[in-house]
Every structure is written in structure tokens, then in C-alpha cells.
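Let's take a walk through a protein model together. Have the sequence and the 3D view open, and look for each part as it comes up.

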Amino acid sequence: MAEEESEWILESIVGYLGSPEWVIPVSDFMENKCTVFDDEDENKLSYTDIHLQYKKLVETLLGNYMQEVGINEQQFLDACTSPFAKTKTLQSVFQPVLATDDFQMFRSLMVQKNTELQLQALSVIKEMNGALPECLTDGVDVMTELQDQEMKILQEVLKKSKDEYDKEMSRRLLLEHKVGSSSDKRLAESSKAQNTSSAASQPSGAAKLTSRPVTTDERQTLARAGGERKSAAKSSSTSKPSPDCGSNGVESRVLPAVRPPVKSGDPPLSAGSREQSSSLTPPEGWLEEAHREAGFSKPYTELSASQQEQLQQRAAYLRQQRDKLHALKKEQQKPKQTIVPEEAPAVVTPEISAEEKKKLQKRKHLADKLKEEVIKK
Amino acid sequence: MGEAQRGLLSVIEKLKGSTEQEVRIVLLGLDNAGKTTLLKSLASEDVSTITPTQGFNIKSVASHGMKLNVWDIGGQRKIRPFWKKYLENTDLLIYVIDSADKKRFEETGLELSELIDEENLKGVPVLIFANKQDLATSSPASEVAEGLNLHTYRDREWQIQACSAVSGEGVQDGMNWICNNIVNKKK
């Protein structure tokens, strides 16, 4: 008699646990709350609250059901502990009920649900896009994307600088006779500036342009400024006058990433003649441009120390590239101009007049001050 | 039994129908006392890579024919208010003390006395582990007991056990006390 009763009660319970009245609220709850459950060894404190909420939900649901069907707790217990309930299939049906009392079981159910949802999301993305984006596939490093992007930018920049160089060379042919001595001065100045710069590395003329040291920091800087660079790169090839802006106040303020030595090496500011400085600008203009892009991408004052350092590293790198271009240029100039010095500070320094030295000092001082001001803000 | 207010949930508890006797143990103590190290040492796991617990850990250990479910909850000050949530239905409290941290004996004693007053821990036996005995600067168990005023706890069974969770020394002695005590208590 009692056994028969247990049997129909058990059947009824199992029926209920498969019905929408039970399944929908329980799976809704799990789907809503499972996202915080990960497979870490350590449990988050929030799991406990969720488990508590789950207990309440199950208690309410089962309580309502039992009231509806008219069975009491003892009957429920008897039914569920009867031999019929011990089969494997029924045990899995009871799992969500048992999870109220067993945190570990609850946790594993939630982790499982979370994984299921993630897999579902992945398959939806795959269906919609045809393939998974690289960032969601296993084993593909985000860095490779950045590297690709960086290589593209680098190639573009190199191409641009070569174009500019070619243009400059054709212009130079026209201006050739004027260039002589004043070009000396300019070069002297710029190399002096490099000597004072702590970050400036000595130019290695023989090194190929493409063999640049790639650092992670640089890559990040590039990636950050990357979006703007592409558009800016186009404009910079046409906008020659931009370097001249370096001397006006507003512009310098957004240029704090450019270190003083770089500024003092700026050709437009040099004592050299104007028309010829414009013919010399391309590499420098490009350098300035790059700095400005990086500077513009975020106000300098908002950058963290590490980002500032990144900018400075970038500046150092750009200087290096410029130096390489210089070296290249000079080599080609050699047959025409016999008196061009070979980037040797020892030879060059004595040629700087006292007046120019003063000017340099003044400019450096100004730049330092500007930098200081901007950083303080 | 007789927990009418727990109602259905206590019914579900019985549904599990495991033959083993299950014991719920909560493992508490200040941060850096060595709770997680003790837990892992109980479960015979590697204790070399333990970081401060932000949430809680659970391990089930079979001992003396019982299944001990040990809950180790983080001891940082900001987590301590959450301890209360884990005390319900607790059969035994393990309280871990860094015996080398004399400066905080008072603080840890205060936390313990607050726990003792919790309704959910009424009459629950307490095992105090005077941990880190492997350190030269550690105080002996008797001194720790004095620092905590353990002699004032008269409403329950308690025991203080010197141990080193890192070396495992003394841990088993503590567990033996637990099992003997629980067996007596649950019958």
C-alpha cells in the first residue's frame, strides 16, 4: 500500500520536475546567474548568495507543487528515497533538487551551464560571421594581429619617407648650388642636439631601414596611434608647412612628448636659410608628425608614466630612423659636396658660432620650460 | 531533527541518502593565519602555491569513516563580515592562529569571541590550531591559549593544538580530536 503510494507520488514528482512549471524558472535562474561561475578552484563570495537564492526558489516551487498535489513532506521523502528513485536516470532528474543542499553540486551545475552558454554564443557568432574572429579562437595570440598592423604601418611610413626623399632629391638638384655651407650648419646643429639628448642613439648609417628593433612598448604605442596614423600619414605627405608650427606656442603645448633635444634639432628653427630648410624637412617633418599623432591621440597630461616612456621610446626610434635617412642622404651628396662632415661631433662642434650656441641654449631652455609646465598641469 | 522551520530543505538534505556521515566544518581565522594551507594539507594537496583567499575554498576529506566537508573562508578584514553566512548547520569550528604574530593575538581573540557568541555556533565544539610552530618566533600553544582567554570558554568543547600546516606536524592530532568529538556528539 505504502509502496504503491510512493510509486505514484514519485511518478508525479518526476513528471513535475520535467514540466515547464519547474524547468522554466529553474533554467531561467541558472542562465541568469551562471555567468559569474568559473572553473577556478576558489569560490567567489557571491556564489553563496546565489546558492541561497536558488534554495529559496526551489523551496517555493516544490512547496507550491506539493500543496497542489496534496502530499506532505514525509510522503515526498518516502517517495524520493524509495528503491524506484535510485535508478540513474532519476538521480539526474533529482540533481537540481539535491543541489539546494549540496553547494558543490550546485556549483558544478552552474559552471556547466556557463560553459554551455559560452559554447552556444560561439556557435551563434560562427553562424553569423561564417567564422570566428581570431580573438575568440584558441591559440591565436592577439599580438600577431598587432604585429601585422604594425608592419603595415611601418611599410607605409617607409614608403612615404622614400617618396619624400625622392622629391627632395629632385628639388635639391635645382637648388644644388645654394645648399653648400648653410647645410653644414644645420647638420652641425642637429648633431649637437643629438649629443645632448640622453635617449638619442648614435646613428648607424650602414644599418638597413627595415631592421628596426621591435619592442612590445612600441607596438602598443603604434596600435594606439595606429588608427589616426593612417589618415595622418596621407596628409603629412602633402602638408609640408606643419613642422614650422613647432615654433608657435599652442602647437608646442600639445607636443610635450617631443623631447627638447628633438625640438632644438628642428630644421625650421635652425639658423639656416628658409628655402633650404623646407627642402630638408621631409624626414624631420615626418618625425614631428608622428610625435604629434601620438601626442594627439591622448593629451599628454593624461598619459601614465609608462605611456610617456613609450612615447619617448618612440621618439628615440624615430630619431634613429631620421639619422639613417641623413646618413643615406649624405652618402649620395658626397660626390657633389666635398665638405659635408660625416656626423662626427668632434669635427662639427667647433664650427658652431657662439651666437648659435646661445640660440640653441635659449631654445632648449624654452622647450624644457614648456615641458615642465605641461607636465605640471 | 525537530527543525520544523527548515522544512523542505531538511527533507532534501535527507534525500541525498549517502551512507557516510557528513560533517560540516568551518575553518576561520585572521588573514595569513594559514587556513588555506591547512585545508590543502588536510586534503594532501600541494601547499607551495597558496595566495590570499578572496572568496572561499571547500574540500571534502574522508576520515574515520566520515566525510568532512571543510569550508575555508578568507580571513581578510573586508571578508570577515561574510563569515556569518557560513555558520549555519556547522558541526565544528576550526580556528587557526598564526602563533608567530603576537601583535595580533588580541585581534584574533576578539574575532574568536565574536564567533563564539554567534547563535549558529551555539555549543559547537572549537578546535584551535596554534599554527606556524615551525617558525622560531612562534609562541607555544599554552601561551596562545592564554592570549585568547580560552579558559573562559565553558559552554562547549574546545581544544588547542600546536601545529605546522606547512610540515603537517600536529595536524593529524587535531583531526583525531575532531573525529572523536564529532562521533560522541552526533550520537
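What follows begins with how helices pack inside one chain and then turns to the place where two chains meet. Keep in mind that this is a predicted model.

Here is an idea to carry along: two packed helices are described by the angle between their axes and the distance between the axes. Try it first on helix 2 of chain A, residues 20-33, and helix 3 of chain A. Their axes lie 11 Å apart and make an angle of about 170 degrees. Angles over 145 degrees count as roughly antiparallel, so helix 2 of chain A is roughly antiparallel to helix 3 of chain A.

Which residues make this contact? From helix 2 of chain A come Glu21(A), Trp22(A), Pro25(A), Val26(A), Phe29(A), Met30(A) and Lys33(A). On the helix 3 side they meet Ile50(A), Gln53(A), Tyr54(A), Leu57(A), Val58(A), Leu61(A) and Leu62(A). Sorted by class, this contact has 11 nonpolar, 1 polar and 2 charged residues.

Now bring in helix 6 of chain A, which spans residues 103-129. Helix 3 of chain A, residues 45-69, packs against helix 6 at an angle of about 100 degrees, with the axes 11 Å apart. An angle from 65 to 115 degrees counts as roughly perpendicular, and therefore these two helices of chain A are roughly perpendicular to each other. At their contact, Tyr47(A), Ile50(A), His51(A) and Tyr54(A) of helix 3 meet Phe103(A), Phe106(A), Arg107(A) and Met110(A) of helix 6. The classes here are 6 nonpolar, 1 polar and 1 charged.

Helix 2 of chain A also packs with helix 6 of chain A, at about 75 degrees and with the axes 9 Å apart. That angle makes helix 2 of chain A roughly perpendicular to helix 6 of chain A. Helix 2 offers Phe29(A), Met30(A), Glu31(A) and Lys33(A), while helix 6 offers Phe106(A), Leu109(A), Met110(A), Lys113(A) and Leu117(A). This contact holds 6 nonpolar and 3 charged residues, with no polar ones.

Next, let's look at the meeting of chain A and chain B. How many residues take part on each side? The contact joins 26 residues of chain A with 25 residues of chain B. Between the two chains, about 2,300 Å² of area is buried, and carbon and sulfur atoms give 63% of that. Within chain A, the residues that lose the most area to chain B are Glu42(A), Leu45(A) and Asp101(A), which together account for 27% of what that side buries.

The interface has polar links too. There are 5 residue pairs in polar contact between chain A and chain B. On chain A's side, helix 3, helix 4 (73-81), helix 5 (88-98) and helix 6 each give two or more residues. Helix 3 of chain A supplies the largest share, 10 residues. By class, chain A's side divides into 11 nonpolar, 6 polar and 9 charged residues.

Finally, consider charge. Side chains of opposite charge can pair when their charged atoms come close. Over all chains there are 19 salt bridges, and 3 salt bridges cross the interface of chain A and chain B. To see one, find Asp41(A) and Lys40(B), whose closest N and O atoms are 3.8 Å apart. Asp41(A) sits in the loop between helix 2 and helix 3 of chain A, and Lys40(B) is in helix 2 (residues 35-42) of chain B.

Definitions and conventions: Residues are numbered from 1 along each chain as its sequence is written. Chains are lettered from A and ligands numbered from 1 in the order in which they are written. This is a predicted model: local features need pLDDT of at least 70, side-chain atom pairs count only at pLDDT 80 or more; totals for chains, interfaces and linings use all residues. Side-chain values use heavy atoms; hydrogens and water are left out. Axes are lines fitted to C-alpha atoms, for helices over the stretch in contact, and angles run from 0 to 180 degrees between N-to-C directions. Helices (H or I, at least four residues) and strands (E, at least two) are DSSP runs, numbered from the N terminus. Angles under 35 degrees count as roughly parallel, over 145 as roughly antiparallel, 65 to 115 as roughly perpendicular and the rest as oblique. Contact means heavy atoms within 4.5 Å. Ala, Val, Leu, Ile, Met, Phe, Trp, Tyr, Cys and Pro count as nonpolar, Asp, Glu, Lys and Arg as charged, and the others, Gly among them, as polar. Buried area is the accessible area (1.4 Å probe) that two parts lose on being put together, summed over both. A salt bridge is a side-chain nitrogen of Lys or Arg within 4 Å of a carboxyl oxygen of Asp or Glu. A polar contact is a pair of N or O atoms within 3.5 Å; within protein, one must be able to donate a hydrogen and the other to accept it, and residues adjacent in sequence count only if both atoms are side-chain atoms.
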